[in-house]
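Open the model in your viewer and keep the sequence panel visible. The stops below go from the whole chain to single residues.

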Amino acid sequence: MGWIIQLTLENSDSKPHTFKVPAMGISVDIPAGSGGAGVKKVSFQAKHTGTFDWECTAPGDSFAATHQGYMRGKVTVTP
């Protein structure tokens, strides 16, 4: 049982970033965004519903590191 989740992750920064959801075992590297190259399409199977924390572990500026949606946020899986 589970749900197939498809995401398009866009990075407009000139440095690479990551998308990690430890509770779901997800770890994705997102290339730097210069020239439109910073797009990564991923799919994975979610086995449980709920809200899970995501984070980017690449070094970022202090504003981005402390505000939801920039270097950290939530992924919600619903049936």
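How much area does the chain expose, and what share of it do carbon and sulfur atoms supply? The exposed area is about 5,300 Å², and carbon and sulfur atoms supply 52% of it. Keep in mind throughout that this is a predicted model.

**Whole chain**

Select the whole chain and colour by secondary structure. There are one helix and six strands, in the order β-β-β-β-β-α-β along the sequence. Along the principal axes, the C-alpha atoms fill a box of roughly 40 × 25 × 15 Å. The chain has 79 residues, of which 30% count as buried. Among contacts with a separation of 6 or more, 51% are between residues 24 or more positions apart.

**Charges**

Next, show the charged side chains. There are 7 positive and 6 negative ones, and the centres of the two sets lie 6 Å apart. How many salt bridges does a search of the whole structure find? The search finds one salt bridge.

To see it, select D53 and K74, whose closest N and O atoms are 2.5 Å apart. D53 belongs to strand 5 (residues 50-55) and K74 to strand 6 (residues 72-77). The two residues are 21 residues apart, and the pair links distant parts of the chain. Is D53 buried, partly exposed or exposed? D53 counts as partly exposed because its relative accessibility is 47%, which falls between the 20% and 50% limits.

**Aromatic pair**

Now move along strand 5 to W54 and add F19 to the selection. A pair of aromatic rings is described by the distance of the centres and the angle of the planes. The count for this structure is one aromatic pair. F19 and W54 form that pair, with 5.6 Å centre to centre and 35 degrees between the planes, which makes the pair tilted. F19 lies in strand 2 (residues 17-21) and W54 in strand 5, so the pair ties together parts that are 35 residues apart in sequence.

Is each of the two rings on a buried or an exposed residue? F19 counts as buried because its relative accessibility is 7%, under the 20% limit. W54 is buried as well, with a relative accessible area of 14%.

**Around F19**

Keep F19, in strand 2, and show its surroundings. Which residues does F19 contact, leaving aside its neighbours within four places in sequence? F19 is in contact with L7, L9, I26, S27, V28, I30, W54, E55 and V75. For a distance check, pick the C-alpha atoms of F19 and K40: these residues are 21 apart along the chain, and the atoms are separated by 10 Å.

**Helix 1**

Select residues 62-65, which make up helix 1, and then A64 within it. A64 is buried because its relative accessible area is 10%, again under 20%. Not counting residues up to four places away in sequence, A64 touches Y70 and M71.

**A loop residue**

Finish at S14, in the loop between strand 1 (3-10) and strand 2. Is S14 buried or exposed? S14 is exposed because its relative accessible area is 56%, over the 50% limit. Draw a C-alpha to C-alpha distance from S14 to V42: the two residues are 28 residues apart in sequence and 21 Å apart in space.

Definitions and conventions
Residues numbered from 1 in each chain as written. Predicted model: local features only at pLDDT ≥ 70, side-chain atom pairs only at ≥ 80, totals over all residues. Heavy atoms only, no water. Helix = DSSP H or I, 4+ residues; strand = E, 2+ residues; numbered from the N terminus. Buried < 20%, exposed > 50% of the residue type's maximum accessible area, 1.4 Å probe, protein only. Contact = heavy atoms within 4.5 Å. Areas by Shrake-Rupley, 256 points an atom, 1.4 Å probe, with all protein chains shown as cover. Lys, Arg positive; Asp, Glu negative; His and termini not counted. Charge placed at Lys NZ, Arg CZ, Asp CG, Glu CD. Salt bridge = Lys/Arg side-chain N within 4 Å of Asp/Glu carboxyl O. Phe/Tyr/Trp six-rings, centres within 6.5 Å; stacked < 30°, edge-to-face > 60°.
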